[in-house]
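Reader: I am new to this structure and should be grateful for a close look at a single part of it. Would you kindly take one helix, explain how it is set into its surroundings, and then relate it to the rest of the chain?

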Amino acid sequence: MAREFRIHSEKSGAIRGFVPDGYDGRFAVVYAHGYGSTVDSSWRDHRLVEQFQASGLKALFLSVESPANASQNVLNPDLPTILHTVATEAGIAPPRKVVAIGHSGAYRTLSRWIDYDNLKQIILLDGLFGGQLSFTKFVGRGGRLTNVATDRTATNSDALAKKIKVDYTRVNDDHMAIVTSGRYIPALLKRSEAAGGVPVGFFLLSAAVLLLFLR
């Protein structure tokens, strides 16, 4: 039976979770919000459970606290600690394989996770404001990087795509619509490593976004 949970740590803040019907135990999808949000506000206002369900994945979905502004420190620098906390506090043993997805300033958190061997993919949602060296290292060790950019991160994104292999799509959309519209997160997860690893590409993503928009 599908269920949601919320656990809290004094050190790293809240973790929100969603376990769908038919959870198959293969992957965890770990989401980190951007600036101006919290784990609770993004969970509610961005309708994350609805978006996760729309992906059709039978993964364990987690959302963790990340910096709400540029002056705040990274609260969750260690991905294995997050998974251990979920196992001990929520009674769910997460799978070892992980897809990480983050919006905007969440790049600061995701860039700290790159050395975790079982992190298979990082999805940046208009988030390449920094961290290029870390993400280059991640790709160099065999990780898959997916980057969706608006004009706000296009300069960094264009430059990185010329240097390393990256699944890169530039879209003409609003920075917040990337996470609030429901047109991107489900489409990207449908083509993530957790769904079998089909590359997104511009035309595939555009078609998937259009289908979601027309539903």
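Author: The account below begins with the whole protein, turns to helix H5 and its neighbours, and ends with several single residues.

The model is a predicted one. The protein contains 9 helices and 8 strands. Its radius of gyration is 16 Å, which agrees with the value near 17 Å that a compact globule of 215 residues would have. Taken along the principal axes, the C-alpha atoms fill a box of roughly 45 × 40 × 30 Å. Of the 215 residues, 56% count as buried. Among contacts with a separation of 6 or more, 61% are between residues 24 or more positions apart. The exposed surface comes to about 9,600 Å², and carbon and sulfur atoms supply 51% of it. As for charge, there are 25 positive and 19 negative side chains, and the centres of these two sets lie 5 Å apart.

The part chosen for the close look is helix H5, which spans residues 132-140. Which residues of H5 are buried? They are Phe135, Phe138 and Val139. These three cover an arc of only 95° around the axis, and therefore they lie on the same side of H5. On the other side of the helix, Leu133 and Gly140 are exposed. The helix thus has a buried side, represented by Phe135, Phe138 and Val139, and another side on which Leu133 and Gly140 are exposed.

What covers the buried residues of H5? The cover includes helix H4 (107-110), strand E6 (119-125) and strand E7 (144-149). Just after H5 comes glycine 142, which takes a positive phi of about 105°.

Helix H6, residues 154-161, can be described in a similar manner. Its buried residues are Ala154, Ser157 and Leu160. They cover an arc of only 135° around the axis, which puts them on the same side of H6. The buried residues of H6 pack against H5 and E7, and also against strand E8 (167-170). Strand E7 accordingly appears in both descriptions: it is part of the cover over the buried residues of H5, and the buried residues of H6 pack against it.

Helix H4 leads to a further residue. Serine 104 has its place in the loop between strand E5 (97-103) and H4. Although serine 104 is not a glycine, its phi is positive, at about 55°. Is serine 104 buried or exposed? With a relative accessible area of 8%, serine 104 is buried, since the cut-off for that term is under 20%.

A second positive phi outside glycine is found at arginine 47, where the value is near 50°. This residue lies in the loop between H1 and helix H2 (48-55). Its relative accessibility is 32%, and so arginine 47 counts as partly exposed.

Aspartate 45 is found in helix H1. With a relative accessible area of 45%, aspartate 45 is partly exposed. Its C-alpha atom is separated by 9.9 Å from that of valine 179, although the two residues are 134 residues apart along the chain.

On the other side of H1 in sequence, serine 37 lies in the loop between strand E3 (27-32) and helix H1 (39-45). Serine 37 counts as buried, because its relative accessibility is 8%. Its contacts, leaving aside neighbours within four places in sequence, are with Ser42, His46 and Ala68. Serine 37 and asparagine 69 are 32 residues apart in sequence, and their C-alpha atoms are 8.7 Å apart in space.

Alanine 87 provides a last example, in helix H3 (residues 79-90). Its relative accessible area is 29%, so alanine 87 is partly exposed. Leaving aside neighbours within four places in sequence, alanine 87 is in contact with Ile92, Ala93 and Pro94. The C-alpha atoms of alanine 87 and isoleucine 178 are separated by 30 Å, and these residues are 91 residues apart along the chain.

To return to the part requested, helix H5 places Phe135, Phe138 and Val139 on the same side, where the cover includes H4, E6 and E7, while H5 itself is among the elements against which the buried residues of H6 pack.

Note on methods. Residues numbered from 1 in each chain as written. Predicted model: local features only at pLDDT ≥ 70, side-chain atom pairs only at ≥ 80, totals over all residues. Heavy atoms only, no water. Helix = DSSP H or I, 4+ residues; strand = E, 2+ residues; numbered from the N terminus. Rg over C-alpha atoms; globule rule 2.2 N^0.38 Å. Buried < 20%, exposed > 50% of the residue type's maximum accessible area, 1.4 Å probe, protein only. Contact = heavy atoms within 4.5 Å. Areas by Shrake-Rupley, 256 points an atom, 1.4 Å probe, with all protein chains shown as cover. Lys, Arg positive; Asp, Glu negative; His and termini not counted. Charge placed at Lys NZ, Arg CZ, Asp CG, Glu CD. Arc of directions from axis to C-beta.
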